[in-house]
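Trainee: I have a model open on my screen and would love a close look at one part of it. Could you walk me through the sheet and what packs around it?

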Amino acid sequence: MSQDSTTVPETARKLSGRRRREIVAVLLFSGGPIFESSIPLSVFGIDRQDAGVPRYRLLVCAGEDVPLRTTGGLELTAPYGLEALSRAGTVVVPAWRSITQPPPAAALDALRRAHEEGARIVGLCTGAFVLAAAGLLDGRPATTHWMYAPTLAKRYPSVHVDPRELFVDDGDVLTSAGTAAGIDLCLHIVRTDHGADAAGALARRLVVPPRRSGGQERYLDRSLPEEIGADPLAEVVAWALEHLHEQFDVETLAARAYMSRRTFDRRFRSLTGSAPLQWLITQRVLQAQRLLETSDYSVDEVAGRCGFRSPVALRGHFRRQLGSSPAAYRAAYRARRPQGGTVDRPERGERADRAERGDRFDRPEPVEPRAGEPSLMAMRRTALAASHAMTGAPLGAAPPHSGHIGHMPGHGGGPGANAADPGKPESDLYTPRLPGQRERPVG
């Protein structure tokens, strides 16, 4: 169950007698990055009862009998070992040092035993690889850092990897995307245990949104697993990336691979962890994003150079994935990176072209505004003046999704849209530089 769900699943089993729900064990390994490792320590290990945050009892445990070295050559000392996991109601694996190395067998056994005894198991970022190696993700939905999601899907085919979500809550097993998404999942756990007020109070102390909207699809690159280089599909993928300016669909790619559409979909999904249609639209939007950042092409020209059938198709997909229109994104990007101390503005010809066409692509979906939503002019001003701020606005309504690559009927807000401020850029930590696709995988 993902972050967008309105209900929280119940834990599958009751805790054994020796485990306590308020005890959180954090399992550390040598080589784990310090940022991810510090997230559960900060969330569950600091007494913030004065701010209305119920206290957890933290047990920091070493997952192996070696010095725990981390980022920058620092060496950590954990006060507990694997035996302490037997007392925890929640076990968090914040990271794993290498997605190519198997985790220690003793640590995997301890995780399986904790799960059997009813403990909630949490994997942050690459910690999902440890949970998968223990077999705890078999047949379950899960996520991890978008960069490693294809590898997780390929290495553990029984895991239903969703690279779009910030976190996935499947009841007694939870996983998060990379880095900062670990904060989102830890806040979700506090919200599940103690309610929205406690999670909100903690979020204020951490100076982060209590519930970040959207998913990690906006950060997705054109990443594919390293193993693709030896796969026959590699040539087809390379051709697609070189010809994004042309209009072609998945049937074209299947024909180039000499496969039926059904076989191609299955092979592509097993290789990359995503459906080919989803991946191809992502690449077109990513290319559009780059052109908006680096060129003076009008939005209509950008649409043509990225293989979209029309500017309307580009605007719909772009808004779905990045939460703003192409024009608003360009304005926000240029405001965030002024040249010569001034904010670049669209060329006169482009402004005249917009006015002549009655261009509406930086307006929200034509529906009744929600209470408290700012006016269009306020959204434009915010996009230019507050470009460094981080958004936490609720999502807009999703537009219909076309089955053809270049066609998008209608345009407006989407799952990634920021309804309160569609043109507002985010901080560098959450900047939507590498988009993805929110469409559920087909088949």
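Mentor: Happily; here is a tour of the sheet, its neighbouring helices and a few residues worth finding on your screen. Keep in mind that this is a predicted model.

Start with the overall layout. The sheet is open and built from 6 strands, in the order 2-1-5-6-10-9, with mixed pairing. Strand 2 and strand 9 (167–169) are the edge strands, each pairing on one side only. From one strand to the next, the twist averages 20°.

Now zoom in on strand 1, which covers residues 20–28. In the strand order it sits between strand 2 and strand 5. Strand 1 and strand 2 (residues 57–62) run parallel and are joined by 6 bridges. Towards strand 5 (residues 88–93), strand 1 also pairs in the parallel sense, here over 4 bridges.

A good residue to click on is Val 26. In strand 2 it stands opposite Val 60, and in strand 5 it stands opposite Val 92. Ala 25 has a partner in strand 5 as well, namely Val 91.

Next, follow the chain out of strand 1. Strand 1, helix 1 (residues 34–45) and strand 2 make a β-α-β unit, and this unit is right-handed. Helix 1 lies across strand 1, strand 2 and strand 5, and runs at about 155° to strand 2. Towards the other edge of the strand order, look for helix 5 (residues 181–194), which lies across strand 6 (120–123), strand 9 and strand 10 (173–176). Helix 5 runs at about 145° to strand 10.

As a bench biochemist you may be wondering about cysteines. The model has 0 disulfides, counting cysteine sulfur atoms within 2.5 Å as a pair. Cys 61 has a relative accessible area of 0%, so it is buried. Cys 125 also counts as buried, because its relative accessibility is 5% and the cut-off is under 20%.

Finally, a helix to look at beside all this is helix 12 (residues 311–322). Its 12 residues should span 16 Å at 1.5 Å a residue, and the end C-alpha atoms are 16 Å apart, so the two values agree. Because 10 of those 12 residues are buried, helix 12 is largely enclosed by the rest of the structure. The buried residues include Arg 315, His 317, Arg 319, Arg 320 and Gln 321, along with Leu 314, Phe 318 and Leu 322. Just after helix 12 comes Gly 323, with a positive phi of about 80°.

Methods. Residues numbered from 1 in each chain as written. Predicted model: local features only at pLDDT ≥ 70, side-chain atom pairs only at ≥ 80, totals over all residues. Heavy atoms only, no water. Pairing = 2+ DSSP bridges. Helix = DSSP H or I, 4+ residues; strand = E, 2+ residues; numbered from the N terminus. Right-handed = clockwise from strand over helix to strand, strands pointing away. Buried < 20%, exposed > 50% of the residue type's maximum accessible area, 1.4 Å probe, protein only. Expected span 1.5 Å × (residues − 1). Axes fitted to C-alpha atoms, helices over the stretch in contact; angles between N-to-C directions. Contact = heavy atoms within 4.5 Å.
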